[in-house]
Amino acid sequence: MPNYTVTVATGSQWFAGTDDYIYLTLVGSESCSERTLLDKPLYNDFERGAVDSYDISVGEDLGEIELVKIEKKKYWVHDDWYCKYITVKTPYGDYIEFPCFRWLVDDKEVILRDGRARLPQHDKTGVAKQHRRKELEQRQKTYRWKEWHPGFPMSIDAKAHSELPREIQFDSEKGVDFVLNYSKFMHMFQSSWGDFEDFERIFMRIKNTISEYVMEHWKEDFMFGYQFLNGCNPVVIRKCTEIPDKFPVTQKILEASLERGLTLEEELKEGNIFIADYELLDGVTPNATDPCTIQYLAAPICLLYKNSQNKIMPIAIQLGQTPGEDNPIFLPTDDEHDWLLAKIWVRSSDFHVHQTVTHLLRTHLISEVFGIAMFRQLPAVHPVFKLLLPHIRFTIAINTKAREQLICECGLFDKANGTGGGGHVELVQKSMKNFTYRSLCFPEAIKARGMDSQEELPYYFYRDDGCRVWQAVTSFVTDVVNIYYDNDKTVQEDVEIQAFVKDVCSFGMQDFDYCEFPKTLRTKEQLVEYLTIVIFTASAQHAGVNFGQFDWCSWIPNSPPTMRKPPPTKKGEVDMKYIVESLPDRGRSCWHLGAKPVKDAMVKFCKNLSEVTKVIKNRNEGKKLPYYYLSPDRIPNSVAV
């Protein structure tokens, strides 16, 4: 009588084990086993972290094992179970692994295929095709699109984290509560700071090496300019080839800042002038949710100059988009308080664009679109599903939690940020009109801003490290695509990958004409680029704009989340008391403190990433401001924080 040995691995996270009944059925090409209760006498089966084995005897050879069916039935009360994988040892000594990596809740049945990746056109049996179709039908009922706000990318149809499918919820130890301790801080600190020493007394308890350096040097023009290259929002600065009409700076105004003895026109032609324009903030409604605190926004324009030491220095700031007598151009030669406050306004505006556009929209929300479309259109057996799954882990969960507590009406954005109360929604809606598929391609985005020359900008570490990681990801994705796709025709005939990209464009991005997301992929090269964009955005790009926040924003005067006085309309009327009173109060400040070929490809990928890590580590040696946000050893797989 043929005998099969089934090994079942239970997850190691909290509450992964179960006391419910677990039944298993083997489905072969010739026959099926009986539905078998997996239970060993006097033994506690399916404990957290356990790997349990069971023998299943059958009357005849089942043929090639195609599916494994697992059923969970209530013992006393429903007890969720996280199954990692099931391994089947055949009577001939072969081992077949069936990955699961999901929660079984209530009285649930899960049907698994073995771990070998297959394209839809390569499935030949009716059983395999039917399983593929049914899995996607069920997923499309579970993962539904929903518009959270008009003009936003679509999101998951769930009002709360608890409504999400269990397999994409946070594990217990990964749970996030944005509200935790915030109310306590707000009541303790709802008053103005007296001076910068008040900020310092709180800050000294939470500092690290970079943030301490920022606190000591934040007033300096060098530190201000450096952050456009290597701070937490290094994507705004662009080369200026022509001074815009709305920013009427002249040779006479700037000549004291131009070191090379060239005219402004000549400096523009030499590529030494850069600009940061926060036009997106023009007209955005400032936070009015707190009747006790009037808050203000500005849409500044900042002109920057690469000096003879290759340092980026600010040389002119206008705090509004419309020139005029009540919108002066501030200069480094002005009174020190005027110049300092102008720079603070730029840093505050940069904070809003970073939080809402660079970080929220362009990593969190777009990664959720990719994730939902992946679950809806790619079955677990598809190689691209297997490739992308680690990079989508917890993304939908963190975004749902954010919509539940952080960026919702009366959420923490309303309590702490100048764009709360709806301004952050307006900012995303405006940004979507400039959000294109090509802008997610890292090398193209750098080049589009005129920032691609390492010779011209030798200290733009975000660009250098990002390009290295982009190349490593591209190389890895190319190796994987070459394993499963023989030629361009194979890509065109993959109906599931075509449905995936169409779902992203037509539903996730709501088919906005200006977004230019592809609806089809015609070549292997296009597929490689698309998958590289998904992986890079969710991992490296998110790391580059997320993990520097504490370093650069924890010293509040360097990145104020709101401003409590309007932008100055005249020069010579500002003192240090006015500046401190412009900054956030204590409460708003303290919230911000708070298959073998594939295996070979992965080995090569890890080696490439290790080499990138080594290059970055050597470059950072001895630097007072090391740049490590895009070092591969610090990049998480997915958007999960």
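**Rings, salt bridges and a four-stranded sheet**

Hi everyone, let's start with one residue: tyrosine 459 has a relative accessibility of 40%, so this tyrosine counts as partly exposed. By that I mean the range between buried, which is under 20% relative accessible area, and exposed, which is over 50%, with a 1.4 Å probe and protein chains only.

A word on the model before I go on. This is a predicted model, in which local features need pLDDT of at least 70 and side-chain atom pairs count only at pLDDT 80 or more, while totals for chains, interfaces and linings use all residues. Residues are numbered from 1 along each chain as its sequence is written, and side-chain values use heavy atoms, leaving out hydrogens and water.

Now, the aromatics. How many aromatic pairs does a search of the whole structure find? The count is 27. Rings of Phe, Tyr and Trp (its six-membered ring) pair if their centres lie within 6.5 Å; planes under 30 degrees apart are stacked, over 60 edge-to-face, and the rest tilted. One of the pairs is tryptophan 148 with phenylalanine 152, an edge-to-face arrangement with 5.7 Å centre to centre and 65° between the planes. Tryptophan 148 has a relative accessible area of 26% and is partly exposed, whereas phenylalanine 152, with 3%, is buried.

That brings us back to our opening residue. The ring centres of tyrosine 459 and phenylalanine 461 are 6.5 Å apart with the planes at 75°, so this pair is edge-to-face too. Phenylalanine 461 is buried, at a relative accessible area of 5%. And if you like your rings in groups, have a look at Phe370, Phe435, Tyr437, Phe500, Phe517 and Tyr530, which make up one aromatic cluster.

On to charges. The structure has 30 salt bridges, where a salt bridge is a side-chain nitrogen of Lys or Arg within 4 Å of a carboxyl oxygen of Asp or Glu. Let me walk you through three of them.

First up, aspartate 123 and arginine 113: their closest N and O atoms are 2.7 Å apart. Aspartate 123 sits in the loop between strand S8 (109–113) and helix H1 (126–142), and arginine 113 is in strand S8, so the salt bridge ties together parts 10 residues apart in sequence. The helix and strand names are DSSP runs (helices H or I, at least four residues; strands E, at least two), numbered from the N terminus. Are these two partners buried or exposed? Both aspartate 123 and arginine 113 are buried.

Next, aspartate 157 and arginine 144 form a salt bridge with 3.1 Å from N to O. This one links distant parts of the chain, 13 residues apart: aspartate 157 is in the loop between strand S10 (155–156) and helix H2 (182–189), and arginine 144 is in the loop between H1 and strand S9 (145–146). Aspartate 157 is partly exposed at 28% relative accessible area, and arginine 144 is partly exposed at 38%.

My third example is lysine 565 with glutamate 581, at 3.9 Å from N to O. Lysine 565 is in the loop between helix H18 (549–553) and helix H19 (576–582), glutamate 581 is in helix H19, and so the pair connects parts 16 residues apart in sequence. Lysine 565 has 24% relative accessibility and counts as partly exposed; glutamate 581, with 27%, is partly exposed as well. There is also a network, with Glu64, Asp114, Arg116 and Arg118 joined by salt bridges that share partners.

Let's turn to the sheet. Four strands make an open, antiparallel sheet in the order S4-S1-S6-S7, and two strands pair here if DSSP finds at least two bridges between them. Why do two strands each have a side without a neighbour in the sheet? Strand S4 (51–57) and strand S7 (95–104) stand at the edges and each have a single partner strand, so one side of each is left free of neighbours in the sheet. Strand S1 (residues 3–10) runs antiparallel to S4, and seven bridges join them. Within S4, aspartate 55 stands opposite threonine 5.

Last stop, the surface. Valine 77 lies in the loop between strand S5 (65–73) and strand S6 (81–89), and with 52% relative accessibility it counts as exposed. Another exposed residue is threonine 333, at 58% relative accessibility, in the loop between strand S15 (329–330) and helix H8 (336–377). The C-alpha atoms of threonine 333 and arginine 118 are 66 Å apart, with their positions 215 residues apart along the chain. Thanks, everyone!
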